[in-house]
Amino acid sequence: MRWDSVITLRDVETNAYVNDEGGEVEGEPIDTQVFCNVRTIGIETWATAAQLGPKPEIQVEVRTIDYAGQTQAVFNGREYDLSHSATRGDSTILTYATHARNDNG
């Protein structure tokens, strides 16, 4: 494995809070850069994910020790939401769809 790309894993849940109106608000993001391998999304993965929600855009492999359940990522300047994760021993495969913003930004 080459581990020749870098992805920023973003945790927005750790610092999340409930505002005065009772709505959940994402906290300040905690970004962690890790090395990854970019993978090709197979037709089975694409078809399964497409049935369940947003179309998968990218798939990367990271070391399991580097992944702490982050739900968002930034890769090549674009924000993504986690669609699916699968751990296989020392590696975790992360599948992402384009980030759906909810802050009018």
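Q: Buried means under 20% relative accessible area, exposed means over 50%, and partly exposed lies in between. Into which class does Gly69 of this predicted model fall?
A: The model is predicted. Gly69 sits in the loop between β5 and β6. Its relative accessible area is 40%. The buried class ends at 20% and the exposed class starts over 50%, so Gly69 is partly exposed.

Q: What distance separates the C-alpha atoms of Gly69 and Ser85?
A: Gly69 belongs to the loop between β5 and β6. Ser85 is 16 residues away from Gly69 along the chain. The separation of the two C-alpha atoms is 8.8 Å.

Q: In what order do the six strands close into a barrel?
A: Strands of a sheet pair through backbone hydrogen bonds, either parallel or antiparallel. In this barrel the pairing is antiparallel. From one strand to the next, the twist averages 45°. Six strands close the barrel in the order β1-β4-β5-β8-β7-β6.

Q: How many bridges pair β1 with strand β4?
A: Strand β4 covers residues 30-39. Its residue Ile30 stands opposite Asp11. The two strands run in the antiparallel sense, and the number of bridges is seven.

Q: Which residue in β6 is the bridge partner of Leu9?
A: Strand β1 spans residues 5-11 and strand β6 spans residues 72-75. They pair in the antiparallel sense over three bridges. The bridge partner of Leu9 in β6 is Ala73.

Q: Which residue in β5 stands opposite Arg39?
A: β4 pairs with strand β5, residues 58-63, in the antiparallel sense. Four bridges make up that pairing. Opposite Arg39 in β5 stands Gln59.

Q: Which residue in the turn of the β6 and β7 hairpin has a positive phi?
A: β6 pairs with strand β7, residues 78-88, in the antiparallel sense over four bridges. Phe75 stands opposite Arg78 in β7. Two residues lie between the strands of the hairpin. The turn residue with a positive phi, about 50°, is Asn76.

Q: What is the approximate phi of Gly89 in the turn between β7 and β8?
A: Eight bridges join β7 to strand β8, residues 91-98, and the strands run antiparallel. Ala86 stands opposite Ile93 in β8. The two strands form a hairpin with two residues between them. Gly89 in that turn has a positive phi of about 70°.

Q: How many salt bridges does the structure hold?
A: Side chains of opposite charge can pair when their charged atoms come close. Asp31 and Arg10 form one such salt bridge, at 2.8 Å from N to O. That pair links strand β4 to strand β1 across 21 residues of chain. The total number of salt bridges is three.

Q: Is Arg10 buried or exposed?
A: Asp31, its salt-bridge partner, is partly exposed at 40% relative accessibility. Arg10 has a relative accessibility of 14%. The buried class takes values under 20%, so Arg10 counts as buried.

Q: How many residues apart in sequence are the parts tied together by Glu79 and Arg10?
A: Glu79 forms a salt bridge with Arg10, with the closest N and O atoms 2.9 Å apart. Glu79 lies in strand β7 and Arg10 in strand β1, so the pair ties together parts whose sequence separation is 69 residues.

Q: Which residues are linked with Arg10 in a network of salt bridges?
A: Arg10 meets Asp31 in a salt bridge. Arg10 also forms a salt bridge with Glu79, which is partly exposed at 28% relative accessible area. The residues linked with Arg10 in the network are Asp31 and Glu79.

Q: How far apart are the closest N and O atoms in the salt bridge between Glu61 and Arg39?
A: Glu61 is in strand β5 and Arg39 in strand β4, 22 residues apart. Glu61 is buried at 6% relative accessibility. Arg39 is partly exposed at 34%. The closest N and O atoms are separated by 4.0 Å.

Q: Which residues does Thr32 touch, not counting those up to four places away in sequence?
A: Thr32 is in strand β4 and is partly exposed at 31% relative accessible area. Its C-alpha atom is 9.2 Å from that of Ala73, 41 residues away along the chain. Leaving out residues up to four places away in sequence, Thr32 touches Ile7, Thr8, Leu9 and Gln70.

Key. Residues are numbered from 1 along each chain as its sequence is written. This is a predicted model: local features need pLDDT of at least 70, side-chain atom pairs count only at pLDDT 80 or more; totals for chains, interfaces and linings use all residues. Side-chain values use heavy atoms; hydrogens and water are left out. Two strands pair if DSSP finds at least two bridges between them. Axes are lines fitted to C-alpha atoms, for helices over the stretch in contact, and angles run from 0 to 180 degrees between N-to-C directions. Buried means under 20% relative accessible area, exposed over 50%, partly exposed in between (1.4 Å probe, protein chains only). A salt bridge is a side-chain nitrogen of Lys or Arg within 4 Å of a carboxyl oxygen of Asp or Glu. Contact means heavy atoms within 4.5 Å.
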